[in-house]
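Dear colleague,

I am passing on the structure we spoke about, with the sequence alongside it. Below the display I have set out what was found, region by region, so that you can follow it on the model.

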Amino acid sequence: MKVFGAMRVGGLLLAGGQSRRMGGGDKCLLQLGGMTLLEHACSRLEPQVESIALNANGELERFDGFGLPVLEDVVEGYAGPLAGVLTGMCWARENHPHLSHIATAPSDTPFFPRDVVARMCAAAMESGVPLACAASNGRAHPVFGLWDVKLADDLERALRDEGLRKIDLWTGRHGIAHAGYDAGDFDPFFNINEPHDLLEAANLLQRLEAHG
């Protein structure tokens with residue numbers, strides 16, 4: 001059981017976008033080192049949380065082989081990452097009511113830290129705020145977030161009634177802490193947006209495997 005102070009955390013992998021810069025399709029199903037990007041992300045997030053699900057849209061049957069609950073956005077129209085966050089909050093509230101928070105991670109980031117959830121929880125508790133996100137080299141990564149499930153109704157109102165889409169505008173209303181990382185030789189939050197990024201990731205994977 002993963003407990004961080006008073007927090008009980010579930011995990012949500014985000015794959016609900018349209019991947020326009022990759023030419024469409026499911027970016028998370030691309031292969032990297034014999035595994036899909038989704039499998040890489042799942043292998044990193046799953047050990048950090050109590051329960052895990054995938055947020056995706058379209059024909060959900062294409063993810064049947066991954067053994068994950070697949071959650072379609074509860075707000076229609078590809079409303080962005082906040083719609084995925086709300087979807088995860090609703091899933092936690094309805095199916096895992098013991099969870100106090102969800103932690104989100106994009107499914108196109110195969111090298112993110114294996115302690116990011118613990119670090120975000122620590123940052124939120126230290127700052128006394130309900131939200132946290134990862135940061136590296138002074139740059140925030142809001143889709144790597146820790147979200148208090150109690151804020152689900154407020155987020156739904158912002159999405160449906162206000163048409164709000166920018167993460168920073170909503171998190172700024174409630175307070176957000178940052179869990180900072182030094183990028184070092186490479187940024188662990190490197191994500192794959194375009195075809196050349198996949199080639200860079202393959203080279204990076206080879207380097208990491210060579211160094212154990």
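Setting aside the residues within four places of it in sequence, Pro188 touches Thr109, Phe111, Phe112, Pro113 and Ala183. Please keep in mind throughout that this is a predicted model. Pro188 sits in the loop that runs between strand 10 (176-181) and helix 6 (195-210), and with a relative accessibility of 11% it counts as buried, the cut-off for that being under 20%. If you look from Pro188 towards Leu155, which is 33 residues away along the chain, you will find their C-alpha atoms separated by 28 Å.

Leu155 brings us to a pair of helices. The axes of helix 4 (residues 152-160) and helix 5 (residues 167-174) come within 11 Å and cross at roughly 140°, and the two helices are therefore classed as oblique to each other. The crossing of helix 4 past helix 5 is right-handed. On the side of helix 4 the contact is made by Asp154, Leu155 and Ala158, and on the side of helix 5 by Trp170, Arg173 and His174; sorted by type, the residues of this contact are 3 nonpolar, 1 polar and 2 charged.

Turning to the interior, which residues have the most contacts inside the largest nonpolar core? They are Val9, Leu13 and Val117, in a core of 33 residues. The elements that each give two or more residues to this core are strand 2 (7-15), helix 1, strand 5 (52-56), strand 7 (101-106), helix 3 (116-127), strand 8, strand 9 and strand 10, and the largest share, 6 residues, comes from helix 3. A second core, separate from this one and made up of 27 residues, includes Leu71, Val75, Val85 and Ile167. As general background, nonpolar side chains in soluble globular proteins tend to be buried together.

Leu13 is worth displaying with its surroundings. Apart from its neighbours within four places in sequence, Leu13 is in contact with Leu38, Ala41, Cys42, Leu45, Ile52, Ala53, Leu54, Asn55, Leu68 and Ala105. Among these partners, Leu38, Ala41, Cys42 and Leu45 are buried residues of helix 1, and Leu37, His40 and Arg44 of that helix are buried too. With 7 of its 9 residues buried, helix 1 (residues 37-45) is largely enclosed by the rest of the structure.

Lastly, there are some loop positions to look at. Tyr78 has a positive phi of about 50° even though it is not a glycine; this residue lies in the loop between strand 6 (70-71) and helix 2 (81-95) and is partly exposed, its relative accessible area being 45%. Asn137, likewise a residue other than glycine, has a positive phi near 50°. Asn137 is placed in the loop between strand 8 (131-136) and strand 9 (139-148), and is Asn137 buried or exposed? At a relative accessible area of 59%, Asn137 is exposed. Gly58, in the loop between strand 5 and strand 6, is partly exposed, with a relative accessible area of 43%, and its C-alpha atom is separated by 23 Å from that of Arg93, which is 35 residues away along the chain.

With best wishes

How values were computed. Residues numbered from 1 in each chain as written. Predicted model: local features only at pLDDT ≥ 70, side-chain atom pairs only at ≥ 80, totals over all residues. Heavy atoms only, no water. Axes fitted to C-alpha atoms, helices over the stretch in contact; angles between N-to-C directions. Helix = DSSP H or I, 4+ residues; strand = E, 2+ residues; numbered from the N terminus. Parallel < 35°, antiparallel > 145°, perpendicular 65-115°, else oblique. Left-handed = near helix turned anticlockwise from the far one by under 90°. Contact = heavy atoms within 4.5 Å. Nonpolar A, V, L, I, M, F, W, Y, C, P; charged D, E, K, R; others polar. Buried < 20%, exposed > 50% of the residue type's maximum accessible area, 1.4 Å probe, protein only. Core = buried A, V, L, I, M, F, W, Y, C linked by side-chain atoms within 4.5 Å.
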